[in-house]
Every structure is written in C-alpha cells, then in structure tokens.
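Hi,

Here is the structure I said I would pass on. Have a look at it first, and my notes on what turned up follow below.

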Amino acid sequence: NQNQSNMNKDNAELEVMPTKRGEMFNISPYNIVVEDDFNVRKDMGDLEGLMNSILANGQLEPIMVHKVSGEEKYVLTDGHRRFAAIMLALEKGNSIPYVKAIKVSGNTEDRLFAMVITGTDKKPLTVLEEAEAYKRLVNLGYEAKDIATRTGKSLPHIYNALNLADAPKKLKNAIESGAISATTVSQLIREVGETDDVVAIVETAIAAAKVQPDGKVTKVTKKEVVQVAKKEGKLKTQQTPIEKLFAAYDVLKDREATNFTILEDLVSLMADDNSTVNEFVTLFE
C-alpha cells in the first residue's frame, strides 16, 4: 500500500499542468504571430551574427508572447530580434523545432513596458525607439512620472525622450545617421523652443562639420550647435526654473556624476501638479 501511495504521488508530480503567465514553455516558431507596426524597434542589428550564436549556443533568452483566444497561436510581445534571427535560421534550412517563450499579459500597456525594460542579453532599444514606446504609453493615458516609476528611468530621461518622440523627421534622421547625438538635440529643443529653428540650427551645424575620410560627417557637438544658435539669436533669453534643472541634470549626466538623486526627485516634484509643500520640505530634511 505504501508503494502504491508513492507511485500515485510520483504520477501526480509528473502530471502536465496548463501553462500559466510567467512560466517558460516551448512553442513551435510557426505558431508565433508578429503584429504589424507594434514593435518600436527599427534597427535589428546583426541578425546573421545573432542567428549563428543561437545555432551554436541555443536560445539563451526567452521571447515573450500572449495567446490568441481560441487558437493555438501566440502574438509576439518582446524578443522580435531573437525571433527574426530564428526565422532566418529556418529559412536557411536549419532545424529549430521549438522557441523558448514566456506567456505574458496581452494588455497593450504591459506589452509596451515589456519592450522598454530590456534584459542584459538583449540589444537595447535606440533612444528614438525608446521614445516612441513612451509616446504610445502617454497616448494610452500614462503620465511621465508613472512611466519613470515603472521603467526605473529618471523623470528627466522620460521628458527628454518624449521631446524627441515629437521632434520633426529631419532631426530624427540626423540622430539616426550619427550626425548629432540625441542628448544634444533634446537640449537644443529645450533651449531654443521652436522646432523649426532647431532644425535650421542643426542643418547649419552639420553643413559646417568636417567630413571624415570614409565620407561620414563628424558628429556635431553641443558647443557647435549653441554657437550657431547664438549667432542666429535663437537661444531663449530666459529659461524657466524647471528648464534650468533639466539643463543641470544633463550636465551632471554628461560628467557621469552619480550623486544627483535629489535633483531627479526635485524635478519630479516640480513636474507633479499634485505635489505638496511638505513633500518639498521632506526632500531637504
């Protein structure tokens, strides 16, 4: 009887249970659906290199999917680059019967947050890709402070990204080409104000930049664009207090300062319409 009891216990432990959200499971790559225009990532990077790594070492990081109701189909939430590399391997005749996946919520907001909170083995989103995700979250009703809290990013970082998300295509193209940094463009937007003026300043600075032997334009610096802005009289004569705090944050970040948490907290309080005097007092106590 004791042996029978142990056998029943063993069988119970071996019983296949339904997959729950957050659990990793194997899924056929052909049962995975890629939703058009959901992925904010535009730069897939070296897919061939990632494919070779997966073939040599296996898929080290699972993708994230949510199940289509009533069908044996799963919509890809995060891991578009890994999945693209796996599909490339299949196109080349390699055998990859299963993809490691984690079932997550199908909620749009949750899926967007999953994309921007990157793991150590993933290719990080570019600044502009990240900015696009934040803009979508704002359109879904999230405030910048809520996005900062959930992603672990500073509030100034979120605001700077949102400025870039709304920037004209010409500025985004300049950033993507490497002609100017996203940080410089973000600072210029705050210090000049009118985006048409920012576009003109950036184009003038890029036109005056040195051309490298490989034909690429040397990246324009903050100092160079400020010189152009001053020459054309486009810099604001007076910054608002919060703009000054943002500028200070940028300087400290560029210097790789580590002890400026209080500045981030101060910016957060000033940006919050519901903050109280006591919260400011507590910050400095």
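Before the helix pairs, a word on how they are described: axes are lines fitted to C-alpha atoms, for helices over the stretch in contact, and angles run from 0 to 180 degrees between N-to-C directions. Helices (H or I, at least four residues) and strands (E, at least two) are DSSP runs, numbered from the N terminus. Contact means heavy atoms within 4.5 Å.

Some housekeeping too. This is a predicted model, where local features need pLDDT of at least 70, side-chain atom pairs count only at pLDDT 80 or more, and totals for chains, interfaces and linings use all residues. Residues are numbered from 1 along each chain as its sequence is written, and side-chain values use heavy atoms, with hydrogens and water left out.

**Overall**

The protein has 14 helices and five strands. Of its 285 residues, 38% are buried (under 20% relative accessible area; exposed is over 50% and partly exposed in between, with a 1.4 Å probe and protein chains only). Among contacts with a separation of 6 or more, 69% are between residues 24 or more positions apart.

**The cores**

A nonpolar core here is a set of buried Ala, Val, Leu, Ile, Met, Phe, Trp, Tyr and Cys residues joined through side-chain atoms within 4.5 Å. The largest one has 47 residues, and Tyr134 and Ile180 are the members that touch the most others. Helix α7 (residues 155-165) gives this core its largest share, six residues. There is also a second, separate core of 18 residues, with Phe25, Ile27, Val65 and Ile96 among them.

What does tyrosine 134 touch, not counting residues up to four places away in sequence? The list is Val116, Ile147, Thr151, Lys153, His157, Ile158, Ala161 and Leu162.

**Three helix pairs**

Start with helix α6 (residues 144-151) and α7, which pack at an angle of about 120° with their axes 9 Å apart. That makes α6 oblique to α7; the cut-offs are under 35 degrees for roughly parallel, over 145 for roughly antiparallel, 65 to 115 for roughly perpendicular, and oblique for the rest. The crossing of α6 past α7 is right-handed (the near helix is turned clockwise from the far one by less than a right angle; anticlockwise would be left-handed). On the α6 side the contact is made by Ala144, Lys145, Ile147, Ala148 and Thr151, and on the α7 side by Leu155, Ile158, Tyr159 and Leu162. These residues divide into seven nonpolar, one polar and one charged. For those classes, Ala, Val, Leu, Ile, Met, Phe, Trp, Tyr, Cys and Pro count as nonpolar, Asp, Glu, Lys and Arg as charged, and the others, Gly among them, as polar.

Next, α7 and helix α9 (residues 182-192) have axes that come within 9 Å and cross at roughly 85°, which makes α7 roughly perpendicular to α9. Asn160, Asn163 and Leu164 of α7 meet Ala182, Val185, Ser186, Ile189 and Arg190 of α9. By class, that contact has four nonpolar, three polar and one charged.

Serine 186, in helix α9, is worth finding on the model. Is serine 186 buried or exposed? It counts as buried, because its relative accessibility is 3%. Serine 186 touches Asn160 and Leu164, leaving out residues up to four places away in sequence.

Last, α9 and helix α10 (residues 195-208) pack at about 130°, again with axes 9 Å apart, and are therefore oblique to each other. Their crossing is right-handed. Leu188, Ile189 and Val192 of α9 make the contact with Asp197, Val198, Ile201 and Val202 of α10. It has six nonpolar, no polar and one charged residues.

**Some loop residues**

Proline 97 sits in the loop between α3 (80-91) and β5 (99-103) and is exposed, with a relative accessible area of 52%. Leaving aside neighbours within four places in sequence, proline 97 is in contact with Ile27, Ser28 and Pro29. Its C-alpha is 7.2 Å from that of proline 29, although the two are 68 residues apart along the chain.

Aspartate 37 lies in the loop between β2 (32-33) and α2 (47-57). Its phi is near 65°, a positive value in a residue other than glycine. Most residues other than glycine have a negative phi.

Cheers
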